[in-house]
Amino acid sequence: MVVHFFGGIHEIYFPYVMMKPTLFLAAMAGGISGTFTFQLLDAGLKSPASPGSIIAIMATAPKGVWPHLNVLLGVLVAAVVSFLVAALILHADKSTEDSLEAAQAATQAAKAQSKGQLVSTSVDAVVSTDSVEKIIFACDAGMGSSAMGASILRDKVKKAGLEIPVSNQAISNLLDTPKTLIVTQEELTPRAKDKSPSAIHVSVDNFLASPRYDEIVASLTGAFPIAEIEGDIPTSAPVDSQEIDLNHIDAVVVAYGKAQGTATMGCETIRAIFRNKNIRIPVSTAKISELGEFNSKNIMIVTTISLQAEVQQAAPNSQFLIVDSLVTTPEYDKMAARMYK
């Protein structure tokens, strides 16, 4: 709340909304009511507020007491409406508690998919204290989430006993300096490489919660290089939808372990695809411990690679679609294209 309101980093609350997708209604209601209040009171700003913190907003409001009060009133109305709608939704929601980690992963997957990208964690070179003398977090504005990311990694570097400076700046201000490690979000990496081709570049999907930071520190301390961490790890391959007998499927079940969040979103994704294809097959979610009720050849169970063994053991007679992501897999469209119910 403090980071969102005073820091202007709004992506902080995205995973919490993704945990309960119905909370999008609360965010929408707050935005609509706040905008309506601004229009009603003829409130506005002299220039864009960046980052969008309350401090920057008030600093760019027109001079005078009433213009500032009008802006504050719009913010207050939006906050009250969104809180009230969210409270009603949460009070009526009887579902089990979802996982924040799963929601964060789903948020990043959705952001990458919306840009037509695959999330990548590739690096250009092995990171070591011989090849890195400073670390820079780069983003469009050089503030906000990149500053938070720099703070997180700076703390990890300090605790590891390394004397490597960690800073943040805008991509437009980057210089082509050697022995520099530049951390950027995936979609900004090409621009950073153009500005500083001599540097080592590491892409992350989220400045605020990335496992790459621990890998960078481990590589700098000599525990193991990032290139070794990223070696191919043998896993079970996803099951091709062509191998599934879809002619006798009467129901689709999306299985989950402890966290139901991504399974719910995967379920809604399949339902939407089925509606568009006029496929009248029910789709639901089920916990792995409940899959015994769906242990039948006419039931198709959708699950991830990591849960494949548990799911197949719980319902050995069912058919399975194993995917890498319950939210952003192309297998759903392939499956629907072969169904005629």
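**Close-up views of a predicted model**

**View 1. Exposed lysines of helix 7.** K158 and K159 are exposed, on the side of helix 7 opposite its buried residues. The structure shown is a predicted model. Helix 7 comprises 15 residues (145–159), and its end C-alpha atoms are 21 Å apart, in agreement with the 21 Å expected at 1.5 Å a residue.

**View 2. Buried face of helix 7.** S145, S146, G149, A150, L153 and V157 are the buried residues of helix 7. They lie on the same side of the helix, because the arc they cover around the axis is only 135 degrees. An α-helix has 3.6 residues a turn, so residues three or four places apart point the same way. The elements covering these buried residues include strand 1 (134–139), strand 2 (166–170) and helix 9 (212–220). Just after helix 7, G161 adopts a positive phi of about 80 degrees.

**View 3. Largest nonpolar core.** This core contains 28 residues, of which I135, F137, V157, L181 and V183 touch the most other members. At least two residues each are supplied by strand 1, helix 7, strand 3 (180–185), strand 4 (200–204) and helix 9. Strand 1 provides the largest share, five residues. A second, separate core has 20 residues, among them V254, Y256, V302 and V323.

**View 4. Surroundings of F137.** Beyond its neighbours within four places in sequence, F137 is in contact with S146, G149, A150 and L153, among others. Of these partners, S146, G149, A150 and L153 belong to the buried residues of helix 7. Further contacts of F137 include V166, S167, N168 and Q169, as well as V183, F207 and Y213.

**View 5. Loop environment of S296.** S296 is located in the loop that links strand 6 (283–287) and strand 7 (299–304). With a relative accessible area of 28%, S296 is partly exposed. The side chain of S296 forms a polar contact of 2.4 Å with the side chain of N298. Apart from neighbours within four places in sequence, S296 is in contact with N317, S318 and Q319. S296 and Q319 are 23 residues apart along the chain, and their C-alpha atoms are separated by 7.9 Å.

**View 6. Annotated transmembrane regions.** An unreviewed UniProt entry carries the annotation "transmembrane region" for residues 21–41 and 71–90. In the model, residues 21–41 are 86% helix and 0% strand, with end C-alpha atoms 32 Å apart. Residues 71–90 are 100% helix and 0% strand, and their end C-alpha atoms lie 29 Å apart.

Key: Residues are numbered from 1 along each chain as its sequence is written. This is a predicted model: local features need pLDDT of at least 70, side-chain atom pairs count only at pLDDT 80 or more; totals for chains, interfaces and linings use all residues. Side-chain values use heavy atoms; hydrogens and water are left out. UniProt positions are given in the numbering used here, feature names are shortened, and annotations may be inferred rather than shown by experiment. Helices (H or I, at least four residues) and strands (E, at least two) are DSSP runs, numbered from the N terminus. The expected span of a helix is 1.5 Å times one less than its number of residues. Buried means under 20% relative accessible area, exposed over 50%, partly exposed in between (1.4 Å probe, protein chains only). The arc is that of the directions from the helix axis to the C-beta atoms. Contact means heavy atoms within 4.5 Å. A polar contact is a pair of N or O atoms within 3.5 Å; within protein, one must be able to donate a hydrogen and the other to accept it, and residues adjacent in sequence count only if both atoms are side-chain atoms. A nonpolar core is a set of buried Ala, Val, Leu, Ile, Met, Phe, Trp, Tyr and Cys residues joined through side-chain atoms within 4.5 Å.
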